[in-house]
Amino acid sequence: MTAASSITTPPAATSSSARAARRRRERRVLTALALLAAAAVAGFCLIGLAGNWEYALGIRFRKIATMVVVGVAVAFSSVLFQTVTGNRVLTPGIMGFDQLFVLIQTLVVFLFGALALSSADPRLLFAGQVAVMVFFAVALYRWLFGRRARDLYVLVLAGVVFGTLFGSLSSLASRLINPNDFVVLQDSLFASFNQVDPGLLTLSAVLVAATAVWIARLARRLDVVALGRDHALNLGVDHASVVNRSLVAVAVLVSVSTALVGPITFLGLLVANLARQLTGTFRHGTVLTAAALLSVTVLAGGQLVLERVFTMNTALSVIINFVGGAYFIALLIRESRR
Amino acid sequence: MIEIKDVTKRYGDTAVVDGVSLTIAPGGVTSIIGANGAGKSTLLSVVSRLTPADGGTVTVDGMDVATTPGDRLARRLAVLRQDNHMSVRLTVRELVAFGRFPHSGGRLTAADHELVDEAIDYFELGDLADRHLDQLSGGQRQRAYVAMVLCQDTDYVLLDEPLNNLDMRHSVQMMRRLRRMADDYGKTVVMVVHDINFASCHSDTIVAMKRGSVIARGTTAEMMTPEVLNAVYDLDIDVHEIGGRRIGVYFS
């Protein structure tokens with residue numbers, strides 16, 4: 001792919017040649033990432049297939065589909081959130097948005113009981129939870145980021161406090177419900193890539209795809225919103241409307257990924273920043289694509305290495321959070337030196 | 001024409017802009033002067049719809065800035081504020097190219113690129129065009145921001161302290177460019193300026209603000225007098241005529 005993209009006629013003017021070189025580099029990075037993601041997906045599906053391969057492949061397909069859906073959801077929500085808040089250190093995961101969704105799930109069981117839940121259509125239930133999540137996530141955002149720009153450290157602290165608060169509230173509520181309900185709840189909360197409800201997966205895939213298309217159409221306006229409110233307004237972009245739409249999208253995406261596999265706090269931070277660094281551009285079309293590809297690569301590749309190479313049963317999220325957490329601290333330190 | 005009617009902006013209980021009415025005729029350079037906290041920047045950002053007013057209306061060629069769609073206004077009026085920190089990492093060329101967004105929606109045509117190159121050359125940013133903004137000095141960055149706003153090619157250009165961080169040569173260049181935009185292209189330039197002598201040498205009209213109100217406005221000759229400047233700044237300022245220009249001396 002490098003050969004094909006580098007064979008172009010040298011442009012005359014220096015400015016347009018610099019532009020072309022930049023664009024070529026973006027395309028090269030995207031192609032490389034796409035190949036990497038494809039390799040990880042293929043590797044995960046095919047390596048170590050033995051015995052009844054038809055059966056095994058079916059299971060693996062479902063797992064990989066979950067990873068792709070979750071990967072895209074996490075990547076898009078993180079990049080969007082960073083653009084809207086105008087920083088590169090915060091993600092919905094760090095601000096406790098996924099813990100908020102867990103709390104909503106728990107409270108639903110707490111209030112209505114598991115019986116009502118198991119008789120309800122799971123898709124309808126999920127849609128209801130997402131709606132509640134959108135409402136509260138937007139309210140939380142407005143409250144935190146509302147009037148004036150706040151100090152980054154105050155926001156990080158608020159995120160940690162909220163994450164813990166929501167987590168503690170969920171565990172309090174889950175202790176108060178009766179043991180039978182708790183089992184049902186636990187089932188839905190501690191879902192991993194290994195056990196995902198197929199119906200929910202299809203619904204999630206549709207939701208994520210629709211949201212991704214919606215966001216892709218906003219991409220150029222997001223480029224402008226990233227310059228900050230004043231510049232965006234000056235350039236004729238309806239800042240408030242783009243921010244609101246982005247927040248709804250973030251809430252939907254966080255709900256989907258959390259409902260499917262639970263919180264993976266630092267994955268978004270890793271892939272969003274890596275994508276920006278590798279592509280070296282502000283353009284959301286490119287950054288979003290790169291982040292999604294990276295996210296799928298990390299999830300599929302990570303799970304592959306974990307399962308086949310180390311034959312470990314540890315959850316991948318533990319490792320992602322370890323690496324991502326270290327990266328987060330490094331980012332914070334770098335930011336404080338500015 | 002920019003018509004400001006009874007505009008008021010409050011922060012808490014204090015009115016930063018207090019019932020200001022002002023008409024700025026199309027064409028020419030208008031400077032807004034006044035002490036710190038006089039409400040100059042707030043007025044400018046209300047006029048450019050960046051800050052919603054608590055009362056009163058602003059119309060630009062009959063369009064109410066509070067209700068006119070942003071993209072329509074962005075092709076008529078451009079604004080640059082004082083503080084322009086950005087969290088994105090952009091090169092100078094990328095930043096300047098954003099000025100074409102209202103016209104091209106992010107898909108730049110060859111003509112757009114030409115305008116971008118022209119603005120970059122004018123502000124002597126050619127060598128820096130592919131450098132990132134965070135690698136530039138304050139003055140270089142300021143030039144890049146102004147280049148972006150001028151690239152927007154609007155009838156009305158509003159600038160808050162365009163001379164921020166600029167050295168003498170670049171300050172003069174900036175003012176000449178603004179002057180030329182008004183003279184050759186019939187643009188309307190409104191700016192907040194701290195240096196009264198730059199205001200005196202390059203503007204047609206000067207508006208003086210104090211504690212949220214316009215206390216005086218007039219031609220440069222009318223405004224550059226010790227009496228007016230004394231009232232605006234509460235400072236004794238001698239005005240001398242040097243080479244046909246009125247220069248205020250206040251340094252000692």
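# Exercises on sheets, a helix and salt bridges

Strand β4 (residues 55-60) of chain B pairs with β5(B) in the antiparallel sense, over two bridges. The model used here is predicted, so please keep that in mind as you work through the exercises.

## Exercise 1: the four-stranded sheet

Task: work out the strand order of the open sheet of four strands in chain B, and find which strands stand at the edges.

Solution.

Step 1. Start from the pair of β4(B) and β5(B), where Val60(B) stands opposite Met63(B) in β5(B).

Step 2. Turn to β1(B) and β2(B), which pair in the antiparallel sense over seven bridges. Here Arg10(B) stands opposite Ala15(B) in β2(B). The hairpin of these two strands has two residues between them, and Gly12(B) takes a positive phi near 70° in it.

Step 3. Put the strands in order: the open sheet reads β2-β1-β4-β5 (chain B), and its pairing is antiparallel. The edges are held by β2 (14-24) and β5 (63-64) of chain B; each has a single partner strand, so one side of each is left without a neighbour in the sheet.

Step 4. Add the helix. Helix α1 (residues 40-47) of chain B lies across β1 (2-11), β2 and β4 of chain B, and runs at about 120° to β1(B).

## Exercise 2: the six-stranded sheet

Task: describe the open sheet of six strands in chain B and name the helices that pack on it.

Solution.

Step 1. The order is β6-β7-β8-β3-β9-β10 (chain B), with mixed pairing. At the edges stand β6 and β10 (213-219) of chain B, each with a single partner strand, so one side of each has no neighbour in the sheet. From one strand to the next, the twist averages 15°.

Step 2. Look at a parallel pair: five bridges join strand β3 (residues 28-34) of chain B to strand β8 (residues 188-192) of chain B. In this pair, Ser31(B) stands opposite Met191(B) in β8(B).

Step 3. Now place the helices. α1(B) packs on the sheet and touches β3, β6, β7 (156-160), β8 and β9 (205-210) of chain B, its direction making about 150° with that of β7(B). Helix α6 (residues 138-151) of chain B also packs on the sheet; α6(B) touches β6 and β7 of chain B, and its direction makes about 170° with that of β6(B).

## Exercise 3: a buried lysine

Task: which backbone oxygen does the side chain of Lys40(B) reach?

Solution.

Step 1. Locate the residue: Lys40(B) is in helix α1 of chain B.

Step 2. Check for a charged partner. Lys40(B) is buried yet has no salt bridge, and the nearest side chain of opposite charge, Glu161(B), is 5.9 Å away. For comparison, the cut-off for a salt bridge is within 4 Å.

Step 3. Look for a polar partner: the Lys40(B) side chain reaches the backbone oxygen of Ala35(B) at 2.9 Å.

Step 4. Complete the surroundings. Leaving aside neighbours within four places in sequence, the contacts of Lys40(B) include Ile32(B), Ile33(B), Val192(B), His194(B) and Met209(B).

## Exercise 4: salt bridges

Task: the whole structure has 18 salt bridges over all chains. For the pairs of Lys63(A), Lys9(B) and Arg76(B), find the partner and say whether each residue is buried or partly exposed.

Solution.

Step 1. Lys63(A) meets Glu307(A) at 3.3 Å, N to O. This pair links distant parts of the chain, with Lys63(A) in helix α3 (residues 53-85) and Glu307(A) in helix α12 (residues 284-309) of chain A, 244 residues apart. Both Lys63(A) and Glu307(A) are buried.

Step 2. Lys9(B) meets Asp54(B) at 3.8 Å, N to O. Lys9(B) lies in strand β1 of chain B and Asp54(B) in the loop between α1 and β4 of chain B, so the pair ties together parts 45 residues apart in sequence. Lys9(B) counts as buried because its relative accessibility is 9%, and Asp54(B) counts as partly exposed at 43%.

Step 3. Arg76(B) forms a salt bridge with Asp61(B), the closest N and O atoms being 2.5 Å apart. Arg76(B) is in the loop between α2 (70-74) and β6 (77-80) of chain B, and Asp61(B) in the loop between β4 and β5 of chain B, 15 residues apart. Arg76(B) is partly exposed, with a relative accessible area of 26%; Asp61(B), at 36% relative accessibility, counts as partly exposed.

Step 4. Finish with a network: salt bridges link Arg229(A), Asp230(A) and Arg81(B).

Terms used: Residues are numbered from 1 along each chain as its sequence is written. Chains are lettered from A and ligands numbered from 1 in the order in which they are written. This is a predicted model: local features need pLDDT of at least 70, side-chain atom pairs count only at pLDDT 80 or more; totals for chains, interfaces and linings use all residues. Side-chain values use heavy atoms; hydrogens and water are left out. Two strands pair if DSSP finds at least two bridges between them. Contact means heavy atoms within 4.5 Å. Axes are lines fitted to C-alpha atoms, for helices over the stretch in contact, and angles run from 0 to 180 degrees between N-to-C directions. Buried means under 20% relative accessible area, exposed over 50%, partly exposed in between (1.4 Å probe, protein chains only). Lys and Arg count as positive and Asp and Glu as negative; His and the chain ends are not counted. A polar contact is a pair of N or O atoms within 3.5 Å; within protein, one must be able to donate a hydrogen and the other to accept it, and residues adjacent in sequence count only if both atoms are side-chain atoms.
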